[in-house]
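Visitor: I would like a close look at one part of this protein, taken slowly and with its surroundings described as well. Please show me the structure before we begin.

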Amino acid sequence: MKKKEQKKMVSIKTKLLGTILPVVAVIVLVIAGISYLISKNIITEYSENLLSSSIENQANEIESWLDENLSAFQIVKQTIEGTSPDEEALQLMLNSYYQFNDNYPDGLYIADEKGKLMKAEGSEKTESNPIDSVWYQDGITRLNMGFTDAYTNAAGEAVVSASGILNDNSGELKVISADLSLQRISIIVNSFIEMEDAQAFLVNSKDGTILAHRDNSLISTKLADSGNTFMKEVDEKLNQHDYQMTEIDNNMTAFTEISGTDWILVSYIPTATIYADINGVRTIMVVIGLVSLLLLAVLIERVVQLVIKPVKELTRIITAMTDGDFTVRVKTKSNDEIGVMSRGVEKFIHSMRNMISSIHGVSDKLHVQADNSNGVSDEMYDASRLQSESMKELNNTVEQLSVSVNEIAENATTLAMVVADTREDGEQVDCKMKETVEVSRKGKADMQNVGIAMQSINESVVKLQQAIDKVGKASEEITNITGVISGIADETNLLSLNASIEAARAGEAGKGFAVVATEIGQLAQTSANSVHNIENLISEINDLVKDAVSQADDSVNNINNSGELVNGALKTFDVIFDNIDEVSNLVQQMIEKVEKVDNVATNVAAISEEQAASSQEILATSDTMVEQANSIMGNSETVASDAKELTESAEELSNQVNIFKVEKGAC
């Protein structure tokens, strides 16, 4: 037999390391990931709070700055309104505020409804038509000073003005105003940012105009017109009046409204700046995890090495045992599961040494017994083969006998079935003959009734002929009577004609008689016509009577002929009935004889079937004996084959046992 190829061995240490290290690596990564997410959430919350605090401080500073300037403007306005100065004194007041404050270096200026502009003498402010200016149009709408929307003045500078109506008791509509530079506001907006890398800008929520920004080129521009994605998304948020802190284009963005204005302060910081520290922490955690994983791998490898060293020694011993070497020794030092396994293997080696030594002795004895069994089995096989051939010849003879008996039984059974069928057919014929006799008897009675009926019909037709003759005679008498009536009508008609002639001769005296004569003439004419019609009808009746008489004569002749035919048929039925009666008797006799034949055929069939059954039993017994003889021969052959195999097995066992190595003198 070919040895099976051994599969490539994978060490236990490799399996343990391959299982434990991935699990530990996953645990380290999960811990690092969870720590990173927790740290990120904490930093995000801290940054949001810091950004909210920063933008609130910025908004407060801007509001304070605006309120401070607006209060200063309001004081100037109230001073002018309280003193009602003349034009010279007003000019001195305006001059005093020129370069007074860096927030509004040009000071204050006033315009009346006629378009006259008053300003400080050192101011370079110019207005071609002050009435159409933004600050004037916005100022005439309120009594107190208030800020306008951002706009570009005549000098091309982006500014926002504080303006209001000036009531100096002059009777003219005047507006006092002061300009604040948006660049100055931008400095204020970006001066109070508390977070590093954070930026802020001021926007007018009404039209999206940028009022203050670190980039001066963006001041007075629209957010929607900017090519910056961040600016466009901020504009969308402002249009939706959504001032919640959110992340826009990788920037954490906060919004706050400047009280008293339509301005929105937007402060933002890149998320990369916020998460820079946490990303560094994440990198450090990953490095620490990898180093820990490496140290843990070394530690696990050493522990596994110490644990599986006895297993390797035990594996070497078991491998030697599989090659048949039982001279190996097992050294057990530990008391753990591996030590228990080693002691079990040691006991197994001792048992195998004893068993192999015993098998050596048994195989020698088995070889001798196998040789003896082989000789006996050859002799038994020859004897069983001769017995099997003799039984086969006997079985062939019994089989031929069984076939012949079966054919006789089948023929006898067929004869019995044919006779039985013939008897059944005869009984059916007898039934039909009895029915035919009964029907013939009824037919004979019916023919007799037909003869009587034909006689009655003949008598009725004769009576009908006599009645028709009487009708013919009556019609002749009616014809005579109508002739008499016709003669009377002719005479009456003649008498009415004569009476009419006589009445005409009598003149007036005869008019009444003439009318009577006319009526009598008409009556006679009607009678003559009726007699003529009656004669026509009598003539037709006579023709019909003659035809009826002729048909009655023919009917009498036909009925007489039919009566003779019925009498002939009646005689024929008598003959048929007698013949059928005789046939019925013959059929009855035939049935009795067939019954006797049926009994004989049934007895023969029963005897033949018993003989066939007996022959089948003999054949079955013979088959069984042949099968037993074949089985004996097959068993003998099997025994012989087994004996040979036993001999070969004894030799193979001896060869196999010789493979094992045991110490000499092992018991």
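Visitor: How many of the residues of strand β1 (residues 108-112) are buried?

Guide: In this predicted model, five of the five residues of strand β1, which spans residues 108-112, are buried, and the strand is thus mostly covered. The covering applies to both faces, since L108, I110 and D112 are buried on one side while Y109 and A111 are buried on the other. For context, buried residues make up 32% of the 667 residues in the protein chain, and the chain as a whole contains nine helices and 11 strands.

The strands that pair with β1 can be taken one at a time. Strand β6 (residues 174-181) pairs with β1 in the antiparallel sense, over five bridges, and within this pairing L108 stands opposite A178 of β6. Strand β2 (residues 117-118) is likewise antiparallel to β1, the two being joined over two bridges, with I110 standing opposite M118 of β2. β1 and β2 together form a hairpin in which four residues lie between the strands, and in that turn G115 has a positive phi of about 95°.

The aromatic residues add a further layer to the picture. Y109, which is one of the buried residues of β1, belongs to one aromatic cluster together with W135 and Y136. A search of the whole structure finds seven aromatic pairs. One of them joins F73 and Y104, whose ring centres are 4.6 Å apart and whose planes stand at 70°, so the pair is classed as edge-to-face. Because F73 lies in helix α1 (residues 12-83) and Y104 lies in the loop between α2 (87-96) and β1, this pair ties together parts that are 31 residues apart in sequence. Both F73 and Y104 are buried. W135 and Y136 also form an edge-to-face aromatic pair, with 6.1 Å from centre to centre and 80° between the planes, and W135 and Y136 are both buried as well.

A second covered strand may be set beside β1. Strand β11 (residues 263-270) has seven of its eight residues buried, so it is largely enclosed by the rest of the structure. Strand β7 (residues 199-204) pairs with β11 in the antiparallel sense over six bridges, and N204 stands opposite W263 of β11. Strand β10 (residues 251-257) also runs antiparallel to β11, joined to it by seven bridges, and here F255 stands opposite V266 of β11. β10 and β11 form a hairpin with five residues between the strands, where G260 takes a positive phi near 85°.

Turning last to the chain as a whole, among contacts between residues at least 6 apart in sequence, 66% join residues that are at least 24 apart. The accessible surface of the protein chain comes to about 41100 Å², and 56% of that area belongs to carbon and sulfur atoms. To return to the part you asked about, β1 is a strand with buried residues on both of its faces, paired antiparallel with β6 and with β2.

Methods: Residues are numbered from 1 along each chain as its sequence is written. This is a predicted model: local features need pLDDT of at least 70, side-chain atom pairs count only at pLDDT 80 or more; totals for chains, interfaces and linings use all residues. Side-chain values use heavy atoms; hydrogens and water are left out. Buried means under 20% relative accessible area, exposed over 50%, partly exposed in between (1.4 Å probe, protein chains only). Contact means heavy atoms within 4.5 Å. Accessible areas come from the Shrake-Rupley method with a 1.4 Å probe; for residues, only the protein chains shown count as cover. Two strands pair if DSSP finds at least two bridges between them. Rings of Phe, Tyr and Trp (its six-membered ring) pair if their centres lie within 6.5 Å; planes under 30 degrees apart count as stacked, over 60 as edge-to-face and the rest as tilted.
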